[in-house]
Amino acid sequence: MAASVESAATGTRAAPLVRARAVPWVAMYHSVGDCSDDPYRLTVTPDRLDRQLRWLRRRGLRGVSMAELLAARASGRGRGLVGLTFDDGYADFVEQALPVLGRHAFGATLFVLPGRLGGDNAWDPLGPRKPLLTADGVREAASAGVEIGSHGLTHIDLTQADDAALRAETAESRALLSELTGAPVAGFCYPYGTVDRRVVDAVRAAGYRYGCAIDPGPLTGPHALPRLYIGQHDTAVRLHLKYRLHRLRRRPVEGTR
C-alpha cells in the first residue's frame, strides 16, 4: 500500500508516495510486411512477428496494450505482461499485424498520426513510401480491440517545435483521435523517441495518462516510458538477451507501480 505524508506545519495530507518498481517491458514495433527494402530496419515480416509472439507465449508472457499493462501493474497484476506498441500507424498493421495478434489472442497499442491519415511516411528520406492508415483503418483497428494512441499530428521532432506547434502535436492530436474513435485517448508516443522536460510537460498537460519514448534516461517516468526496439533480426536468442538486459539495466520508475 502506498504511504502518505502529512505536513506537520499545516496538518494537510500530501499526495501518496508510490513505491518505485522496475520499469515495464514494452516492445516497440513499426511496420509489418516486406522488409527487403528497409534502410531504417523498422519492418518485421508477419512470419517473424508470429515467431516473436510465440517466443513470448512459450515463456508464459502475454502481449497487451499499454492501457491494460499499466492498469494491471497499478493493481499488482502485471506479472507476465508485455506491452506491444506499433508506431506510425502503417496501413499494413490492419492487413498484416492484426491477424497475427489475433492468432495469439494478444493486445496492442497503435500510435497513429491524425494529421497524416491516408498519407505515407514522408518523414523518412530513405527507403520506400509506405501508406498509412485511413480514418476507416484506424476505426477498424479500434473495433478489433486495439488501443489507439497519438504519435503527434505529423511526426516531427517535438524538442524543436515552438509552443504553438507543440500544443497542436499533443493536445490537438488527442482531440482529433478521440473524435475519430469515439473514445478517450490515454497514450502518447514521442516521434523519433526524442524528449525533453518541456515536451514531457506538454504531453502531461494535454491530458495523456502516459507517454512512450525509447530511452529517456533521467526523464523516465509515467509520461516518458522506455521501450525495447524489436526488429526482423530478433530471433529467440536475441529476444532472450534483450529481455535479460532490460531487466538488469532499467532503473525503477516512480509512479508506474
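Helices and strands, as I will use the words this morning, are DSSP runs, with a helix (H or I) being at least four residues and a strand (E) at least two, and both are numbered from the N terminus. The model in front of you is a predicted one, and on that reading its secondary structure comes to seven helices and twelve strands.

Let me begin with confidence. The mean pLDDT of the chain is 89, and 88% of the residues reach 70 or more. The exception I would point to is the stretch of residues 1–20, where pLDDT is below 50, although in the model this stretch still has 25 contacts beyond near neighbours in sequence. Where pLDDT is low, the predicted coordinates should not be read in detail. As for the chain in general, 49% of its 257 residues are buried, and among contacts with a separation of 6 or more, 64% join residues that are 24 or more positions apart.

Now to the interior. The largest nonpolar core has 50 residues, and the members that touch the most others are L84, F86 and F93. At least two residues each come from β2 (26–29), α1 (46–58), β6 (81–86), α3 (92–104), β7 (109–112), α4 (135–143), α5 (163–181) and α6 (197–205). The element that gives the most is α3, with six residues. If we take F93 and leave aside its neighbours within four places in sequence, we find it in contact with F86, L98, L101, L110, A141 and V146. Apart from this core there is another, of 14 residues, which includes V26, A72, L81 and F111.

A141 brings us to α4, a helix in which G137, V138 and A141 are buried. These three cover an arc of only 100° around the axis, and therefore lie on the same side of α4. An α-helix has 3.6 residues a turn, so residues three or four places apart point the same way. The other side of α4 carries D136 and S143, which are exposed. What do the buried residues of α4 pack against? Their partners are α3, β7, β8 (147–150) and α5. After the helix comes G145, with a positive phi near 95°.

Next, consider α5 and what follows it, taking two residues in turn. L177 is found in helix α5, and it counts as buried because its relative accessible area is 0%, where the cut-off is under 20%. Beyond four places in sequence, the contacts of L177 are with V112, P114, I148, G149, S150, G182 and V185. L177 and R139 stand 38 residues apart in sequence, with their C-alpha atoms 9.9 Å apart in space.

V185, for its part, lies in the loop between α5 and β9 (187–189). Is this loop residue buried or exposed? V185 counts as buried, because its relative accessibility is 2%. Not counting residues up to four places away in sequence, V185 touches I148, G149, S150, R174, L177, S178 and Y208. From V185 to I148 there are 37 residues in sequence, but 6.8 Å in space, C-alpha to C-alpha.

Turning to backbone geometry, there are two residues I would ask you to look at on the screen. R41 has a positive phi of about 55° although it is not a glycine, and its place is the loop between β3 (31–32) and β4 (43–44). With a relative accessibility of 45%, R41 counts as partly exposed. A105, also not a glycine, has a positive phi near 55°, and is found in the loop between α3 and β7. Its relative accessibility is 58%, and A105 therefore counts as exposed, the cut-off being over 50%.

Finally, the cavities. How many of 30 Å³ or more does the model have? The count comes to three, and the largest has a volume of about 110 Å³. Its lining is made up of 14 residues, and those nearest its centre are D38, T43, N121, D124 and K130.

Definitions and conventions:
Residues are numbered from 1 along each chain as its sequence is written. This is a predicted model: local features need pLDDT of at least 70, side-chain atom pairs count only at pLDDT 80 or more; totals for chains, interfaces and linings use all residues. Side-chain values use heavy atoms; hydrogens and water are left out. A nonpolar core is a set of buried Ala, Val, Leu, Ile, Met, Phe, Trp, Tyr and Cys residues joined through side-chain atoms within 4.5 Å. Buried means under 20% relative accessible area, exposed over 50%, partly exposed in between (1.4 Å probe, protein chains only). Contact means heavy atoms within 4.5 Å. pLDDT is the predictor's confidence in each residue, from 0 to 100. The arc is that of the directions from the helix axis to the C-beta atoms. On a 1 Å grid over the protein atoms alone, a cavity is a set of points where a 1.4 Å probe fits but cannot get out, and a pocket is an open set with protein on both sides within 12 Å along at least five of seven lines; lining residues have an atom within 4 Å of a point. Grid points are joined across faces, edges and corners, and a volume is the space filled by probe spheres set on the points.
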